[in-house]
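Subject: A structure to look at

Hi,

Here is the structure I promised you, with the sequence alongside. Have a look around it, then read on for what turned up.

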Amino acid sequence: MNQSKSSTYSIAQLGNAVLRQKAAEVQNILADECQKIISQMMLAVSEAGGVGIAAPQIHHSVRIFIMCSKPNTRYPDAPLMAPTAIINPEILHYSSDKVKGWEGCLSVPSMRGLVPRHSQIDVRYFDQQGNEQKKELTGFIARIFQHELDHLNGLTFIDQLESTKDLISEFEWYQQFA
Ligand code: NI
């Protein structure tokens, strides 16, 4: 989705240096500063109609992202998942296979890419209450996790494309696939 007309938060766009930095570990999850960033991210991703957002996208270079998969006009086939804050995430194990799927990004407006991602991952992270979580993720949720974790390491989905021919305009994507 393009920068929406009445968005509360400005989303960093491709070319902004914050999207190329390695984000810092969160030291104190329960601190007001961290909790406030999480609230801002929850609002920003909901306003923008995304299925995920990483802190650098709202100009905070810290290791936090939100996953909030649900079907919407941007992702009609997305599974339903309550908005979840993921803090200091790690991928402990990747499946050997990769599957290509369409991705977009609030920081790369008007484009979609066919991105190869591992179909299954074992992950570890801390939740908003500071509790450690370990999960096995598959399919679209595993895809979102890999996309958002990339943001914390200074990468966008464009960096993961096998070929520039796998990048198309969002207009054409809607014509052909929605
Ligand atoms: Ni993104």
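Strand S3, residues 84-94, pairs with S6 in the antiparallel sense, over 5 bridges. If you want a spot to find that pairing on screen, go to Ile 87, whose bridge partner in S6 is Phe 126. Before you go further, keep in mind that this is a predicted model, not an experimental one.

S6 also pairs with strand S7 (residues 132-138), again in the antiparallel sense, this time over 7 bridges. Here you can look for Val 123, which stands opposite Lys 135 in S7. The hairpin of S6 and S7 has 5 residues between the strands, and Gly 130 takes a positive phi near 90° there.

Now for the rings. How many aromatic pairs does a search of the whole structure find? The count is 4. One of them joins Tyr 125 and Phe 145: their centres are 6.5 Å apart, the angle between the planes is 50°, and the pair is classed as tilted. What I like about this pair is where its members come from. Tyr 125 belongs to strand S6 (residues 120-126) and Phe 145 to helix H2 (residues 139-152), so the pair links distant parts of the chain, 20 residues apart.

Are these two buried or exposed? Tyr 125 counts as buried because its relative accessibility is 6%, under the 20% cut-off. Phe 145 is buried too, with a relative accessible area of 0%.

Another of the pairs is made by Trp 173 and Tyr 174, and this one is edge-to-face: 5.2 Å centre to centre, with 80° between the planes. Trp 173 is buried, as its relative accessible area is 6%. Tyr 174, on the other hand, counts as partly exposed at 30% relative accessibility.

Back to Tyr 125 and Phe 145 for a moment: together with Phe 65 they form one aromatic cluster. Try showing those three side chains on their own.

Last stop: which rings does Arg 112 lie over? One is Trp 173, where Arg 112 lies over the face at 4.2 Å from the ring centre. The other is Tyr 174, with the charged end of Arg 112 over the ring, 6.0 Å from its centre. Those are the two partners of the edge-to-face pair, so it's worth showing Arg 112 along with them.

Have fun with it, and send me any questions.

Cheers

Note on methods:
Residues numbered from 1 in each chain as written. Predicted model: local features only at pLDDT ≥ 70, side-chain atom pairs only at ≥ 80, totals over all residues. Heavy atoms only, no water. Phe/Tyr/Trp six-rings, centres within 6.5 Å; stacked < 30°, edge-to-face > 60°. Helix = DSSP H or I, 4+ residues; strand = E, 2+ residues; numbered from the N terminus. Buried < 20%, exposed > 50% of the residue type's maximum accessible area, 1.4 Å probe, protein only. Lys NZ or Arg CZ within 6 Å of the ring centre and 35° of its normal. Pairing = 2+ DSSP bridges.
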